[in-house]
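Colleague: I'm new to this one and would love a guided look. Could you pick a single part, stay with it for a while, and then point me to a few other places worth finding on the screen?

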Amino acid sequence: MSSIVSATEVVLPGKVEPEGLELRTHELPAPGKGQVVLRMEATGVCFAEQQMRRGKYYDQPPFPFVPGYDLVGTVTAAGEQVDAALTGRRFAAVTKTGAWASHLLVDAADLVPVPDGVDPAAAETVIVNGITAWQLLHRTAKVRAGQTVVVLGANGGVGSTLVQLARQAGVTVIGTASPRHHATLRELGATPVDYRDPDMYARIRELAPEGVDAVFDHVGGPAIEDSWQLLRRGGSLVSYGTAATKDEEGNSQLPVLKLFARLNTWNALPNGKSAHFYNFWAGKRRCQTSWQRRLTEDLTQVLRLVADGTLVPQIAATFPLTDTVAALRLAESRTVAGKVVIVPET
């Protein structure tokens with residue numbers, strides 16, 4: 001039996017400001033059947049945690065809990081019915097919660113190998129962001145070379161990955177961001193548009209007067225109507241969030257339900273356009289095996305692109321686990337390009 005390890009965790013005790021996060025240390029039990037102990041090498045802050053601290057994330061667990069959507073780590077111990085050869089190897093895993101910890105228990109079935117030579121922080125930036133971007137492009141919108149797409153928030157974790165994957169697929173990209181990120185977007189191959197410009201949608205129409213083939217919208221809210229209007233016949237609106245309502249009080253599920261209703265109404269129109277709501281977890285309850293197989297396939301493709309230099313992970317900054325407060329603050333400042341990464345103590 002493996003020895004018990006001491007795990008340091010960042011706990012979200014309730015609806016608090018980032019300064020309200022708590023640090024605790026406890027003994028992690030030995031891994032059970034089908035489990036491993038993963039020693040965290042990189043985790044990070046995504047939009048989900050920003051919503052969770054407000055109690056606004058759809059389907060979040062009751063307080064208190066340890067946030068952390070995904071991580072890269074090395075297996076230090078394996079439980080029963082787990083191949084002992086996994087020990088000492090580096091993997092990525094999607095956890096939804098629990099990854100803001102120095103060590104944690106993970107089901108071995110959820111591990112995806114990280115290629116040799118890929119830095120843990122680089123791999124971390126493309127786990128949920130990379131899977132999301134890949135699935136938005138290739139499974140939901142089914143983009144093809146020669147098409148034109150719009151990426152809202154193209155400087156963010158998902159957005160910057162979407163831009164690169166779309167360019168790699170031979171797709172023209174118009175990306176919205178504040179002017180400070182326009183040079184970065186041009187380097188990634190996108191045409192930037194100022195998201196604060198009141199005439200932003202008119203600017204996009206000037207760039208694509210025939211309409212675009214897909215719009216990737218994480219904002220939701222009233223402006224989703226404008227995103228829908230940008231589409232040409234046969235185009236797809238892919239909504240994957242409700243950032244517009246993140247600061248509103250009230251039921252966290254209401255904005256999502258309103259959005260569903262609107263997308264369904266549009267889908268009923270006879271204009272050849274389609275509207276989708278992308279949910280990372282869709283299908284997991286119905287068939288966990290096929291959901292995990294898709295996740296593994298897609299993340300493996302993305303990590304391969306990182307390994308060969310085609311996809312350049314956008315790391316905004318790195319912070320030690322004990323400074324997660326500062327990491328969350330920076331991620332919420334809306335000043336960064338890419339993903340804020342959390343690493344163990346040095």
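Modeller: Happy to! Let's start with P255, which has a relative accessible area of 15% and is therefore buried, since buried here means under 20%. P255 belongs to helix α8, which covers residues 254-267. To get a feeling for distances, pick out T74 as well: its C-alpha atom is 38 Å from that of P255, and 181 residues of chain separation lie between the two. Please keep in mind throughout that this is a predicted model.

Now for the part I would like to stay with, helix α3, which covers residues 128-141. How many of the residues of α3 are buried? The count is 12 of 14, so α3 is largely enclosed by the rest of the structure. If you want to click along the helix, the buried residues begin with V128, N129, G130, I131, T132 and A133. They go on through W134, Q135, L136 and L137, and finish with T140 and A141.

The helix also has a bend in it. At Q135, which is one of those buried residues, α3 bends by about 35°. Move on to the end of the helix and you meet K142 just after α3, with a positive phi of about 50°. Most residues other than glycine have a negative phi, so a positive value is a handy thing to look for.

What does α3 meet? Let's take helix α4 to begin with, residues 157-168. The axes of α3 and α4 come within 8 Å and cross at roughly 50°, which makes α3 oblique to α4. The crossing is right-handed. On the α3 side, the contact is made by N129, G130, T132, A133, W134, L136 and L137. Facing them from α4 are G157, V158, T161, L162, L165 and A166. Sorted by class, the residues of this contact comprise 8 nonpolar and 5 polar, with no charged ones.

While you are looking at this helix pair, a general point about helices helps. An α-helix has 3.6 residues a turn, so residues three or four places apart point the same way.

Next, turn to helix α9, residues 288-307. Here the axes come within 9 Å and cross at roughly 105°, so α3 and α9 are roughly perpendicular to each other. From α3, the residues involved are G130, I131, W134, Q135 and R139. They meet R294, L295, E297, D298, L299, Q301, V302 and L305 of α9. By class, this contact holds 6 nonpolar, 3 polar and 4 charged residues. You may recognise G130 and W134, which are also listed in the contact with α4. Q135, listed in the contact with α9, is where α3 bends.

With that helix in mind, here are the other places I promised. Which residues does E41 touch, beyond those up to four places away in sequence? They are V72, G73, T74, R90, P120, V343 and P344, and T74 is the residue we used for the distance to P255. E41 sits in strand β3, residues 35-45, and counts as buried at 16% relative accessibility.

I315 makes a nice contrast. This residue is in strand β14, residues 315-320, and is partly exposed with a relative accessible area of 34%. Leaving aside neighbours within four places in sequence, I315 is in contact with A121, A122, T125, A337, K339 and V341.

Let's finish with the loops. In the loop between α1 and β4 you will find P64, and the peptide bond leading from F63 to P64 is cis, with omega near -10°. In general, most peptide bonds are trans. K96 is in the loop between β5 and β6 and has a positive phi of about 70° although it is not a glycine. K96 is also buried, with a relative accessible area of 18%. R334, in the loop between α10 and β15, has a positive phi of about 60° and is not a glycine either. Is R334 buried or exposed? At 51% relative accessible area, R334 is exposed.

Conventions:
Residues are numbered from 1 along each chain as its sequence is written. This is a predicted model: local features need pLDDT of at least 70, side-chain atom pairs count only at pLDDT 80 or more; totals for chains, interfaces and linings use all residues. Side-chain values use heavy atoms; hydrogens and water are left out. Axes are lines fitted to C-alpha atoms, for helices over the stretch in contact, and angles run from 0 to 180 degrees between N-to-C directions. Helices (H or I, at least four residues) and strands (E, at least two) are DSSP runs, numbered from the N terminus. Angles under 35 degrees count as roughly parallel, over 145 as roughly antiparallel, 65 to 115 as roughly perpendicular and the rest as oblique. A crossing is left-handed if the near helix is turned anticlockwise from the far one by less than a right angle, and right-handed if clockwise. Contact means heavy atoms within 4.5 Å. Ala, Val, Leu, Ile, Met, Phe, Trp, Tyr, Cys and Pro count as nonpolar, Asp, Glu, Lys and Arg as charged, and the others, Gly among them, as polar. The bend at a residue is the angle between axes fitted to the seven residues ending there and the seven starting there. Buried means under 20% relative accessible area, exposed over 50%, partly exposed in between (1.4 Å probe, protein chains only).
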